[in-house]
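Hi,

Here is the structure I promised to pass on to you. Have a look at it first, and then read my notes underneath.

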Amino acid sequence: MNAGRVADGPAADVPHIERLTGARLHAVAEQLGDLLVDTVRDGSSLGFLAGLDRASASGWWLGLGPAVEAGRLAVWVARDRGRDDSRVTGTVSVAFTEKPNGRHRAEIAKLMVHPDARGQGLARTLLAAAEHAAAQAGVTLLVLDTETGSPAESVYRRAGWTEAGTIPDYAADPAGALHATTLFYKRLGTAARRRVTDAEPEPAVRQ
């Protein structure tokens with residue numbers, strides 16, 4: 001599944017949001033690995049099982065470098081301005097479609113927020129940054145899936161996403177138990193871009 005347990009709350013101070021180049025992804029792979037390990041350990045279904053170690057997690061992020069360099073994948077990281085700004089507290093990705101008949105759509109992937117950074121609006125801020133960048137790139141339809149019944153569902157609904165349905169026994173959680181997934185979509189365009197920009201604090205995005 002692409003989204004972890006990203007329960008959100010009232011928006012806090014705007015964090016520093018950075019869109020990574022291939023080189024920057026390589027530079028922060030260990031911090032992203034730590035975030036992934038901690039998020040999976042907390043129970044989020046992100047494609048990994050319990051026991052994920054830091055080296056494997058960092059290596060997984062490093063493996064995304066070619067896709068980032070080629071523009072097939074966009075990755076953002078968040079850092080808390082008021083605490084240790086060397087620590088990655090959240091991330092989100094947009095996977096673009098290369099098929100000629102699907103270049104109008106993209107997928108939100110790996111939206112995660114560190115367990116001790118939740119409830120501050122960070123998931124919504126990351127999602128807004130990804131939606132805005134996708135719209136700027138000409139994407140008119142975004143899709144994602146998330147564990148059915150997870151707090152992430154309410155984040156997407158509040159952000160204007162539409163539920164498309166559920167698939168039973170879609171993926172295992174870190175403990176190995178199968179769970180359903182809920183599919184969501186969101187149409188983008190001039191009006192959607194305006195809603196994304198107006199609804200959320202403008203994140204400090206560095207291209």
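Let me start in the sheet: Thr-166 stands opposite Thr-182 in β7. This is a predicted model, so please keep the confidence values further down in mind. Thr-166 belongs to the pairing of β6 (residues 162–172) with β7, an antiparallel pair joined by seven bridges. The two strands make a hairpin with five residues between them, and Gly-176 in that turn has a positive phi of about 100°. β7 (residues 178–187) also runs antiparallel to β5 (residues 141–147), again with seven bridges; here Asp-145 is the residue that faces Leu-183 in β7.

Now to the helices. Ala-57, Ser-58 and Trp-61 of α3 are buried. Viewed down the axis of α3, the buried residues fall within an arc of 95°, so they line one face of the helix. Their cover includes α1 (22–27), α2, α4 (65–70), β2 (73–79), β3 (90–96) and β4 (105–113). At the N-terminal end of α3, Asp-53 acts as the cap, with a side-chain oxygen 3.1 Å from the backbone nitrogen of Ala-55.

Ser-45 sits in the loop between α2 (29–41) and α3 (54–62). Ser-45 is buried, at a relative accessible area of 2%, and a polar atom of its side chain lies 3.3 Å from the backbone oxygen of Ala-172.

On confidence, the chain has a mean pLDDT of 87, with 82% of its residues at 70 or more. Over residues 191–207 pLDDT stays under 50, and the model has 35 contacts beyond four places in sequence for that stretch.

Best wishes

Terms used. Residues numbered from 1 in each chain as written. Predicted model: local features only at pLDDT ≥ 70, side-chain atom pairs only at ≥ 80, totals over all residues. Heavy atoms only, no water. Helix = DSSP H or I, 4+ residues; strand = E, 2+ residues; numbered from the N terminus. Buried < 20%, exposed > 50% of the residue type's maximum accessible area, 1.4 Å probe, protein only. Polar contact = N/O pair within 3.5 Å; in protein donor to acceptor, adjacent residues only side chain to side chain. pLDDT = per-residue confidence, 0-100. Contact = heavy atoms within 4.5 Å. Arc of directions from axis to C-beta. Pairing = 2+ DSSP bridges.
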